[in-house]
Amino acid sequence: MAHDYHLEELGPRAFEQLAATLAHAAFGPGLDVYGSGRDGGREATFHGRISWDGGMTTWEGYTVVQAKQREHMADPATNLKWLQIQVRSELNSWMARNSGRDGFPDYLLFVTNVRLSATPGGGVDTITKYVLEELDRGHPFDRSDTPRSRGLKDIRIWHRDTLNAIISSNQGVRAAFPALLTIGDIIARVNNLPVTIDPSVIGPILHNHAQSSLKHERWVRFGEAGGLQARQSVDQIVVDLPVRHAENNREQALGEFIKMGDPVLRRSVWNTNKPRHLVITGAAGNGKSTLAKYLTQIYRAHFLDREQLTGTTREIVECTLRSQVRLQLAPPKSRRWPLNVSLPEMANDMGPSGGPTMLRWLSSHISARTSLDLQPAILEKWLKGWPCLLILDGLDEVTAPSLRQRVLDEISEFVELADQIDADLFVIVTTRPTGYTERIMPAEFTQLDLDYLTVNEAVDYGRHITEKRLLDDILIQEQVIDRFERATTSPAIERLIKTPLQVLILTFILENLGELPATRYELFWYYYETVYRREQEKPTSHRTFLRTHRDDVTELHQRVGIILQIQCEGTGETRARLPLLSLRALARARMIEVGHEDDSEADALAEQVVQIATTRLVLLTADEGDTVSFEVRSLQELMAARALVDGDDATIRSNLIATAPSPHWRNTWLFAAGKLFTDSDHRRNLVLSIVETFDRTTNCWPGWLYPIGPELAAHLIDDGLAETKPAALRALVEIALRILHGPIPEEFVTVAKSLSYATRHKTLSTLIRNEMRNAFAGTPVAVNAASLLALASPGAVIVPGQPLPAELRNATRLWTNSPPRGPRTTVGRLLRRALAELRDEPGELLTEAAISECEQLTLLTLPDGSFWPNVVPPTFTHDKLDAAFNDPDATTLFQLCLGNIEPNEWAARSLLARAMSAAKSRKPVSEHLTLPYVRDIMQ
């Protein structure tokens, strides 16, 4: 007797895949399978001969396979009625004159999971008779127009008993679908592995790893500085967050992530060109890592839910399941075994070359949580046999170019390995959006961007986190929530509650009755001041010291911040830590610097400063190996920013120009600009001057090829720095609008959001509208740039002549999807054609060499003569381009070549600009900074 499989546990997409896979096994080669989405009423189609009942019946022609899954089973009679409705509905759709479906079928096969009565005259006989009657049912407006008259010759039903029988007799199909397996199935399939470990213990190893990780990795650590307990379970504090697709649809993140993991992701089953894996981007403090941690916990809980568990593990699983109810989150349909990896940790262990492969590193990482050494061969077999989830968290923290390239290469190779062994693997990578979003295998990875919170979402989160944070003090809890809700009615505060971290910090400031901030810089700086003031007012022995040495304590934090920011830029230190000995040396140097020349006195004061910083304020926390680090990365960047602009105008200008192009320094740069905007009119004008002139006057950056100014201006608008300074705001908007002249920037979403904010001012709205109108009527690159802005901020600016939404989306697809098949060309070939018209010009040899490097950049040639850019290869070299750009004559000649390519070839220039921007912006800039004390401590 065939086993009754849990077909309801397959998600809708996975059941469609199962239907297509079973049809392929029955029909043989020639089956065309369609992906999820608008498939015209088809899961699969087959052209040819199909034999039924041992050859007693034959279909010859065009067969369409349709899947009909019922999520909740009922009695056979109800199932029968449901199936009849499904069949009639589908036939009505096929018969509709405007159905939009291609090709009326000769035959229909319905594949369903519903159980029908097999007794004589029961459900099976009834549905068989029903479908034959439906073949001759006339259209309501024309009784002679029937499915049979249109050409439909026969209909068959594969119901639950049929599916159970086919699955039971087909081990390959059964092995491909997670709902049809148990851990015992996996163990049985690896009994003959040529490895030194007994395969029968694989299941328990991975089971124990899931239990151990569930207990130890559930915590989110806020520290006492956030007013929270030292740690809280992620299921208690998490909230679902908004996410945007490339098409700009706004959904809830967790539901989208789980939905992507529900289908079977094996290459052999995934019969669609859509990406299977995911890159999640989010701004600083936007909750990427928290969501990743919670998603891991969800899958661990569901992986373990059917197993015998210890009391503690069972309690965590039940808490996780309850949190899903709170979040109105459907459970995963696939029982994926999850693994959450810190990419900075992995990068450190791998090194730029020569270290372990990703598979070997993962094996060692898992072994650390189990009692046995898990060999790579065993892990590979597990991946092949059981559906898995691999979360790679923190790509943005791997900033050293050599390490970053190693990590990206390893991710690509691991995904390729998974396809080679036909693994059902779902990979998620998290990163920041600011220049960190290389197109990692765009054919395999789609990108979802965590969106800013709306005011209502921020209020909900503020209420939730305050209730958790002040669980034992209802009176204060109610006061803080009331203050927070009143504060959010202010337009100025609305900008400061865009991320969960910002909301958390604002509630903490309001609890302590601090002054309300007006900018993002002030939000984080007031947080530091509130923490300091709260500690200073406590009746402890440190009270007087905190009051008299405030500047020294703050200066220490700033110096640590800038040193750690430099350390993890290009030295290979992906997790920034400072040895305690270095911290004490910094504190001692500060004491001597301010006049404490007696050694014993300087040592004593320095020790007190260190103790205050690490045990009282606890913004700096103890880390492994007698080191300290900032637990909240944004606080490290805040302190680094203050150090960056601690000097005269020349020092400030030099430091800001050096760090402006670097994605690693971008958040620090914005904090620094925020401080200067609040200091004085003179310092604000200094920032505006840098942004205005950077692309024309900076020798270290080819602003003529890839302008930085528009993106910097957009970020400053987004931070609200010029909200109450109309002249400064207009200047920033005008700079941001330069983006419409091309090339296509990496950060068009940020620019779009900032311009959307600016449209609240009537005069600026008119300015933006006019510029957008001109762009849509302008050059091809202007049309595409304007299309990207319009798509990223729908409804903010609508102008006559604006393309339809579908056309707008096409502009995004060029930069987010791999190009389809077709004839290719290269940027180098186009430039060499242009150079042929400019012979015997100064700088020709350098320009020729630079153009040869542009052969690495390929484009698909579209039928209209325009281009679809390909991914910049990881091996892209630019030394000859740098040499040309450092020579005035070669630069001029290269610019002339770019100017001579055709207007519809604009994508070539944008691709070159992005390639050079990514390559040059990764170079360490610390050697160009003016920070004397850093040199001393780094030596």
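## Exercises on a sheet and a helix pair

In this predicted model, His-277 of strand E10 has Phe-445 of strand E14 as its bridge partner.

**Exercise 1.** Determine which strands pair with E10, in which sense, and over how many bridges.

*Solution.* Start from the bridge between His-277 and Phe-445. It belongs to the pairing of E10 with E14 (residues 445-450), which is parallel and runs over five bridges. Next take Leu-278, whose bridge partner in E13 is Ile-428. E10 and E13 (residues 425-431) also pair in the parallel sense, over four bridges.

**Exercise 2.** Place E10 in its sheet and identify the strands that stand at the edges.

*Solution.* Write out the strand order of the open sheet: E9-E8-E14-E10-E13-E12-E11. E10 lies between E14 and E13 in this order of seven strands, and the pairing across the sheet is mixed. Then look at the ends: E9 (250-252) and E11 (337-342) each have a single partner strand, so one side of each lacks a neighbour in the sheet. From one strand to the next, the twist averages 25°.

**Exercise 3.** Sort the residues of E10 by the way they point, and state whether they are buried or exposed.

*Solution.* Take E10 as residues 277-281. One set, pointing one way, consists of His-277, Val-279 and Thr-281. Leu-278 and Ile-280 point the other way. Buried here means under 20% relative accessible area. By that cut-off, five of the five residues of E10 are buried, and the strand is mostly covered.

**Exercise 4.** Describe how helices H32 and H34 pack, and classify the residues of their contact.

*Solution.* Two packed helices are described by the angle between their axes and the distance between the axes. For H32 (residues 748-758) and H34 (residues 780-792), the angle is about 65° and the axes are 8 Å apart. Angles of 65 to 115 degrees count as roughly perpendicular. H32 and H34 are therefore roughly perpendicular to each other. The crossing of H32 past H34 is right-handed. Now list the contact: H32 contributes Phe-748, Val-749, Val-751, Ala-752 and Leu-755, while H34 contributes Leu-788, Leu-789 and Ala-792. Sorting these residues gives eight nonpolar, no polar and no charged.

How values were computed: Residues are numbered from 1 along each chain as its sequence is written. This is a predicted model: local features need pLDDT of at least 70, side-chain atom pairs count only at pLDDT 80 or more; totals for chains, interfaces and linings use all residues. Side-chain values use heavy atoms; hydrogens and water are left out. Axes are lines fitted to C-alpha atoms, for helices over the stretch in contact, and angles run from 0 to 180 degrees between N-to-C directions. Helices (H or I, at least four residues) and strands (E, at least two) are DSSP runs, numbered from the N terminus. Angles under 35 degrees count as roughly parallel, over 145 as roughly antiparallel, 65 to 115 as roughly perpendicular and the rest as oblique. A crossing is left-handed if the near helix is turned anticlockwise from the far one by less than a right angle, and right-handed if clockwise. Contact means heavy atoms within 4.5 Å. Ala, Val, Leu, Ile, Met, Phe, Trp, Tyr, Cys and Pro count as nonpolar, Asp, Glu, Lys and Arg as charged, and the others, Gly among them, as polar. Buried means under 20% relative accessible area, exposed over 50%, partly exposed in between (1.4 Å probe, protein chains only). Two strands pair if DSSP finds at least two bridges between them.
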